[in-house]
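Trainee: I would like to check the labels on this model one by one. Can we go through the reasoning behind each?

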Amino acid sequence: MSTKQTGSWKRMAAAGLAATGFAFAATTALAGECPADQQRPDGSGQKPGATAPKDVTDKVIASTDLAKEKVALSDRLFRARRLDIKAGGIVPWHSHDNRPAMIYVVKGTVTEYASTCAAPIVHRAGDISPERLGTSHWWKNTGNETAVLISVDIFQVEDKPNEKMM
C-alpha cells in the first residue's frame, strides 16, 4: 500500500470508529440520565415526593442581576448555589417550569425522582443534570457521606423573594 492509501485507510477507520461510538452513545443512557425507555416528557414519571427539606443547607455563593446586563431580564438573577445534603437528606419536590438550572455533583451520590422519568436517576460525583421546562422533581442523598452539589439557575426574584426555591 502506498503512503497515500495508508493515510486514507486510517482516516476511514477512524471515522468508522467514531461513528460506532456515537451510535453506541445514542442508544445507551449516560451516567446520571434517564434511560431512553423510561423517559416521560408528559410528566407521568415519578410522582411528587417530599415537600420539606431535610438535612440540606443551601447557600447562594454568587449572583448577577440580569436586569443590569445586556440581556436585560428584569426581576431575574443568574445565581450559583452550593447545596450540602447529609446522608439521607432531601431536597424537596419543586418545579423548573419558570427556572432553568444545571446541577453539578461535586461529591457523593444523590438520587433524583423526576416527573419526566419513570425510574429514579442516580447521580454521582462528576455528573451534571440539566433542569428545564417540564421538569418537577425531588432529590435524596442515597449515599453514606454528605453530597455536595453546585446549582446554577436563572431565578425569578418576584416569585418568592425570601425563598431559595431549591
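The talk below sets values against cut-offs.

Mentor: Keep in mind that this is a predicted model. The protein has one helix and eight strands. From the N terminus the order is α-β-β-β-β-β-β-β-β.

Trainee: What makes cysteine 34 and cysteine 117 a disulfide?

Mentor: Their sulfur atoms are 2.1 Å apart. The cut-off is 2.5 Å, so the pair qualifies. By this rule the count comes to one disulfide.

Trainee: Which hand does the link have?

Mentor: The link of cysteine 34 and cysteine 117 is right-handed, with 85 degrees about the S-S bond. The pair joins distant parts of the chain, 83 residues apart. Cysteine 34 sits in the loop between helix H1 (3-27) and strand E1 (54-65). Cysteine 117 sits in the loop between strand E4 (109-114) and strand E5 (121-124).

Trainee: Why is cysteine 34 called buried?

Mentor: Its relative accessibility is 11%. Buried means under 20%, so cysteine 34 counts as buried.

Trainee: And why does cysteine 117 get the label buried?

Mentor: Cysteine 117 has a relative accessible area of 1%. That is under 20%, so cysteine 117 is buried too. Of the 166 residues of the protein, 31% count as buried.

Trainee: Why is valine 106 called partly exposed?

Mentor: Valine 106 has 39% relative accessibility. Buried needs under 20% and exposed needs over 50%, so 39% falls in between. Valine 106 lies in strand E3.

Trainee: Which residues make the nonpolar surface patch with Val106?

Mentor: Met102, Tyr104 and Ile128 join Val106 there, in a patch of about 350 Å². A patch residue needs over 30% relative accessible area, so the 39% of valine 106 meets that cut-off. Strand E3 (residues 101-107) gives the most to the patch, with three residues.

Trainee: What makes up the largest nonpolar core?

Mentor: That core has 10 residues: Val56, Leu83, Ile85, Val91, Ile103, Val105, Val110, Trp139, Ala147 and Leu149. Core members must be buried, so each has under 20% relative accessible area. Strand E2 (76-95), E3 and strand E8 (147-156) each give two or more residues. E2 gives the most, with three.

Trainee: Which residues does valine 105 touch?

Mentor: Leaving out residues up to four places away in sequence, valine 105 touches Val110, His123, Arg124, Ala125, Gly126, Asp127, Val148 and Leu149.

Trainee: How many of the contacts join residues at least 24 apart?

Mentor: The share is 74% among contacts between residues at least 6 apart in sequence.

Methods
Residues are numbered from 1 along each chain as its sequence is written. This is a predicted model: local features need pLDDT of at least 70, side-chain atom pairs count only at pLDDT 80 or more; totals for chains, interfaces and linings use all residues. Side-chain values use heavy atoms; hydrogens and water are left out. Patches are made of residues with over 30% relative accessible area and no salt bridge: like charges are joined within 9 Å, nonpolar side chains (Val, Leu, Ile, Met, Phe, Trp, Tyr) within 5 Å. Accessible areas come from the Shrake-Rupley method with a 1.4 Å probe; for residues, only the protein chains shown count as cover. A salt bridge is a side-chain nitrogen of Lys or Arg within 4 Å of a carboxyl oxygen of Asp or Glu. Helices (H or I, at least four residues) and strands (E, at least two) are DSSP runs, numbered from the N terminus. Buried means under 20% relative accessible area, exposed over 50%, partly exposed in between (1.4 Å probe, protein chains only). A nonpolar core is a set of buried Ala, Val, Leu, Ile, Met, Phe, Trp, Tyr and Cys residues joined through side-chain atoms within 4.5 Å. Contact means heavy atoms within 4.5 Å.
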